[in-house]
Amino acid sequence: VVVAGVLQHIEEAGVHSGDSACSIPPYSLSAEIVAEIERQTELLARALEVRGLMNIQFAVKGDEVYLIEVNPRASRTVPFVAKAVGSPIAKIAARVMAGEKLADLPKINRDIKHVAVKEAVFPFARFPGTDPVLSPEMKSTGEVMGIDSNFNLAFAKAQLGAGDRLPTTGRVFVSVKDSDKPRILGAVKQLTDWGWNVVATGGTADYLAGAGIEVERVNKVAEGRPHIVDRIKDGDVQLIFNTTEGWQSLQDSQSIRASALAADIAYYTTAAASDAATQAIGALRSHSLEVKPLQDYY
């Protein structure tokens, strides 16, 4: 059994894997967790007697690894991993399925010195009125890859490839569900340290102010004008962090996401992606993006 790659999703379980950005190698998993994933992968492959490709989805909470599903087939991840590590994975798998032994085929080198990030491409701009919030229902229609020496720059390139140009200065609007407030705090504080201004709706504004962050309170749409959608349409907002919980919250914030889409503003609907975007902005502030042939990475 050969594990061709272990990828870490940026969005948590609950977002369709095809819509979630992911990185190879994993950007925050410990070596112990990766080793446990590889151990379980080999056991599953042998128990299911798979000859050829298979992909497995795991969920990690704390130090526990949970199995979500096993697919005894290739997936759209195969060409991404092949490009990231520089090995013809599909070709090797096809030869194994035809009867050749893995031991007789080229070795797959996973010891790469770079990071590759896959980002989903969405058709929202072509369908006015579509709500761009991510969910278990797959909405993406393609994907792109960003590759660089570290995760933050690779993520920034992936965003650019997907059509989202990350701003390095401006005003960020933050409205997140209660469970995400502690998780988003570090990212917002980092942005303010870089000179960003912060606007937020009621509960989020109170939380950020209580943590010592200077924040401007703005009305929700239902609270009357001038509200956040007015600010977005006026060009006062350059970045949006907006997470929801429950049907009513989802409905209340739909106009925010629609306005961001119409104004071509970078928006993130999960705490994990918001944090990754913040770190990518930091990388863009201190580094210029460089381009070189894919072959130079191997």
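**A tour from a strand pair to the domain interface**

Select V60 and V65 to begin: V65, in β4, is the bridge partner of V60. The model on screen is a predicted one.

Widen the selection to residues 55–61, which make up strand β3, and residues 64–71, which make up strand β4. The two strands run antiparallel to each other and are joined over seven bridges. Together β3 and β4 form a hairpin, with two residues between the strands. Now pick G62 in that turn; its phi is positive, at about 65°.

Next, colour the chain by domain. Domain 1 covers 8–112, and domain 2 covers 162–286. If you mark the C-alpha centre of each domain, the two marks are 34 Å apart.

Then turn to where the domains meet. How many residues of each domain are in contact with the other? On the domain 1 side there are four, and they touch five residues of domain 2. About 330 Å² is buried between the two domains, and carbon and sulfur atoms give 59% of that area. Select I10, E11 and E12: they supply 91% of the area that domain 1 buries against domain 2, more than any other three residues. By class, the domain 1 side of this interface has two nonpolar and two charged residues, and no polar ones.

Last, look for links across the interface. The count of salt bridges between domain 1 and domain 2 is zero. Residue pairs in polar contact, with both residues at pLDDT 80 or more, also number zero across this interface.

Note on methods. Residues numbered from 1 in each chain as written. Predicted model: local features only at pLDDT ≥ 70, side-chain atom pairs only at ≥ 80, totals over all residues. Heavy atoms only, no water. Domains from an automatic or database assignment. Contact = heavy atoms within 4.5 Å. Buried area = accessible area lost by both parts, 1.4 Å probe. Salt bridge = Lys/Arg side-chain N within 4 Å of Asp/Glu carboxyl O. Polar contact = N/O pair within 3.5 Å; in protein donor to acceptor, adjacent residues only side chain to side chain. Nonpolar A, V, L, I, M, F, W, Y, C, P; charged D, E, K, R; others polar. Pairing = 2+ DSSP bridges. Helix = DSSP H or I, 4+ residues; strand = E, 2+ residues; numbered from the N terminus.
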